[in-house]
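Hi,

Here is the structure I promised to pass on. Have a look at it first, and then read my notes below.

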Amino acid sequence: MVIDYNLIGKRLAEIRKKQHLTQERLAEKTDLTNNYISNIENNRSIPSLETLVKLCGALHITPNDILIGASPASDQYMTDELHDKILQCTPTEKRLIDGFISLLMTERETNAGIGGSN
């Protein structure tokens, strides 16, 4: 299974910032270094399961909050992130997004048809 560690790091950073915690304060709460937390958030380090659980405990969240949809193979991949961004869009931007998605789906169907006919 492939895991999008970049997405996991972004989620951790977003949750930390929403709680008004600095990397330094989170490091103090977890006995990790702020440099290591920065590396996780910026996809330069992959946290162990133990570290991930420790971070989740300090942030008062469950590992599900970080892991659900973090695999590109998952039907839920990036759903929350896309939903949050769409909520911030204007009606015009939403129409553009819908048009872009429709174009992508049409292109996928066209390519599937070409590949399926050979």
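**Overall fold**

Reading along the sequence, you get the pattern α-α-α-α-α-α-α. That makes 7 helices and 0 strands. The radius of gyration is 18 Å, well over the 13 Å that the globule rule gives for 118 residues, so the protein is more spread out than a compact globule. Please keep in mind that this is a predicted model.

The box filled by the C-alpha atoms tells you about the dimensions: roughly 55 × 35 × 20 Å along the principal axes. As for burial, 30% of the 118 residues count as buried. The accessible surface comes to about 8,200 Å², and carbon and sulfur atoms make up 56% of that. Among contacts with a separation of 6 or more, 57% are between residues 24 or more positions apart. On charges, there are 13 positive and 16 negative ones, and the mean positions of the two sets lie 5 Å apart.

**Helix α1 and what covers it**

I spent some time on α1, which runs over residues 5-18. Its 14 residues should span 20 Å at 1.5 Å a residue, and the end C-alpha atoms are indeed 20 Å apart, so the two agree.

Which residues of α1 are buried? The list is Leu-7, Ile-8, Gly-9, Arg-11, Leu-12, Ala-13, Ile-15 and Arg-16. Note that two arginines, Arg-11 and Arg-16, are on it. A reminder that helps when looking at such a list: an α-helix has 3.6 residues a turn, so residues three or four places apart point the same way. The cover over the buried residues of α1 includes α2, α3, α4 (49-59), α5 (63-67) and α6 (79-87).

**Leu-26, a residue to click on**

Leu-26 sits in helix α2. Buried or exposed? Its relative accessibility is 2%, and buried means under 20%, so Leu-26 counts as buried. Setting aside neighbours within four places in sequence, Leu-26 is in contact with Arg-16, Ile-37, Leu-55, Ala-58 and Leu-59. Arg-16, one of the buried residues of α1, is 10 residues from Leu-26 in sequence, with 7.8 Å between their C-alpha atoms.

**Two loop residues with positive phi**

Most residues other than glycine have a negative phi. Two that go the other way are worth a look.

- His-20 has a phi near 55°. This residue lies in the loop between α1 and α2 (23-30). With a relative accessible area of 74%, His-20 is exposed.
- Asp-31 has a phi near 60°. Its place is the loop between α2 and α3 (34-41). Asp-31 counts as exposed too, at 70% relative accessibility.

So α2 has one of these residues in the loop before it and the other in the loop after it.

**Out on α7**

Last stop: Glu-107, which belongs to helix α7 (residues 91-117). How exposed is it, and what is its relative accessible area? Glu-107 comes out as partly exposed, at 44%. If you want a distance to check in your viewer, try Glu-107 to Ser-74: the C-alpha atoms are 22 Å apart in space, and the two residues are 33 apart in sequence.

That's the lot from me.

Cheers

Key
Residues are numbered from 1 along each chain as its sequence is written. This is a predicted model: local features need pLDDT of at least 70, side-chain atom pairs count only at pLDDT 80 or more; totals for chains, interfaces and linings use all residues. Side-chain values use heavy atoms; hydrogens and water are left out. Helices (H or I, at least four residues) and strands (E, at least two) are DSSP runs, numbered from the N terminus. Buried means under 20% relative accessible area, exposed over 50%, partly exposed in between (1.4 Å probe, protein chains only). The radius of gyration is taken over C-alpha atoms; the globule rule is 2.2 Å times the number of residues to the power 0.38. Contact means heavy atoms within 4.5 Å. Accessible areas come from the Shrake-Rupley method with a 1.4 Å probe; for residues, only the protein chains shown count as cover. Lys and Arg count as positive and Asp and Glu as negative; His and the chain ends are not counted. The place of a charge is taken as NZ of Lys, CZ of Arg, CG of Asp or CD of Glu. The expected span of a helix is 1.5 Å times one less than its number of residues.
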